[in-house]
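Colleague: I should be grateful for a close look at one part of this model, namely how one pair of helices is packed. Please then set that part beside other local features of the chain.

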Amino acid sequence: MRIACVGECMIELTDAPSGIGRGFGGDTLNTAIYLARLGKAEGVKVDYVTAVGDDPYSDEMIAAWSLEGIGVRNVLRILGKMPGLYSIRTSKLGERSFFYWRSAAAARQMFNGEEGKRLAANLKDYDWIYFSGITMGILDLDGRMIFLDALRRASDAKAKLAYDSNYRSRIWSDEEEAQAMYSVCLGWADLALPSFDDERALYGDKNPETTALRIAKQGLSEIVVKDGDKDIVLCVDKKITRYKGASHPEPIDTTAAGDSFNAGYIFARMLGKSPEDAVVDGASLAYRVVGVRGAILPRDMEV
């Protein structure tokens, strides 16, 4: 089985008691890392699909992904460009605030030009494709259309498409633009993995069940609505099931809680587990992730 995670990796600055730390991060990259760790023993191959620059930070990114066992053959290098930058501030309760500098990031052009079209065409070779609302939001109109066409072709070739809306208002011109693009993405997806806070902000949903049933009306038969440390709502064929969320007794950092849940859930489904068992696997991984500082568990910790 092969899965492509499509999106943006950025240079990450983190405020910590000892000072500012530097690393790399991004929603789909976090999921790719956990998928690669989970898939190592099962022979599941994970590739990251993105564009970076020709700078030293891009070199470090690619080296770090390779070290995690992530395939980089579909990483586009754009001359004269660099990755975006963001910083994280974490409160005493473990909640995060993000600050971004990404307007000129290389990833925004990943599907532009002839090289970008070839990159998009390669998606038809995967069994699964995972992408997010951030993936769509950073692309210009031409890039979105090329990517959506590639998703259509991959779906026709029997690939499964997994989508997390991951709404960030600053990367969209207005709510109507985001809603229109999300509707298109959900029209192609086989699996939706939204977070309730995002859906409430964009659509005004009253509760996770409202979110799940609204998305189900677009034809999706499998939807998982995450809600922080609260209950997880699973909707399969319009049937709603609530799963009790396990609140971590000492949450240190909620960075990548949703991303890691997505990895655990998708991996379980790739192995043929039921949606119900996949919820348990996703929640178990997310529980461990919020108990450590940063998005990624230390490499000596089991996933």
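Modeller: What follows begins with the helix pair and then turns to another helix, a buried side chain and two loops. The model is a predicted one.

The pair consists of helix α7, residues 196-203, and helix α8, residues 208-216. In general, two packed helices are described by the angle between their axes and the distance between the axes. Here the axes come within 10 Å and cross at roughly 75 degrees. Since angles of 65 to 115 degrees count as roughly perpendicular, α7 and α8 are therefore roughly perpendicular to each other. On the α7 side, the contact is made by Phe196, Glu199 and Tyr203; α8 contributes Pro208, Thr211, Arg214 and Ile215. By character, the residues of this contact divide into 4 nonpolar, 1 polar and 2 charged.

Helix α9 may be considered next. It spans residues 257-270, 14 residues in total, and reaches 20 Å from its first C-alpha to its last, close to the 20 Å expected at 1.5 Å a residue. Of these 14 residues, 11 are buried, so α9 is largely enclosed by the rest of the structure. Among the buried residues are the aromatic side chains of Phe261, Tyr265 and Phe267, and Asp259, Ser260 and Asn262 are also included. After α9 comes Gly272, whose phi is positive, near 90 degrees.

A buried position is also found in helix α1, residues 27-39, which contains Thr28. The relative accessible area of Thr28 is 0%, and because buried means under 20%, Thr28 is classed as buried. Its side chain makes a polar contact with the side chain of Tyr48, at 2.9 Å. Leaving aside residues up to four places away in sequence, Thr28 touches Cys5, Val6, Gly7, Glu8, Tyr48, Tyr130, Phe131, Ser132 and Thr135.

Two loop residues complete the account. Lys158 lies in the loop between α5 (141-156) and β9 (160-164). Although Lys158 is not a glycine, its phi is positive, at about 80 degrees. With a relative accessible area of 69%, Lys158 is exposed. Asp237 is found in the loop between β12 (232-236) and β13 (239-243). Asp237 is not a glycine either, yet it has a positive phi of about 50 degrees. Its relative accessibility is 59%, and Asp237 therefore counts as exposed, the cut-off being over 50%.

Conventions:
Residues are numbered from 1 along each chain as its sequence is written. This is a predicted model: local features need pLDDT of at least 70, side-chain atom pairs count only at pLDDT 80 or more; totals for chains, interfaces and linings use all residues. Side-chain values use heavy atoms; hydrogens and water are left out. Axes are lines fitted to C-alpha atoms, for helices over the stretch in contact, and angles run from 0 to 180 degrees between N-to-C directions. Helices (H or I, at least four residues) and strands (E, at least two) are DSSP runs, numbered from the N terminus. Angles under 35 degrees count as roughly parallel, over 145 as roughly antiparallel, 65 to 115 as roughly perpendicular and the rest as oblique. Contact means heavy atoms within 4.5 Å. Ala, Val, Leu, Ile, Met, Phe, Trp, Tyr, Cys and Pro count as nonpolar, Asp, Glu, Lys and Arg as charged, and the others, Gly among them, as polar. Buried means under 20% relative accessible area, exposed over 50%, partly exposed in between (1.4 Å probe, protein chains only). The expected span of a helix is 1.5 Å times one less than its number of residues. A polar contact is a pair of N or O atoms within 3.5 Å; within protein, one must be able to donate a hydrogen and the other to accept it, and residues adjacent in sequence count only if both atoms are side-chain atoms.
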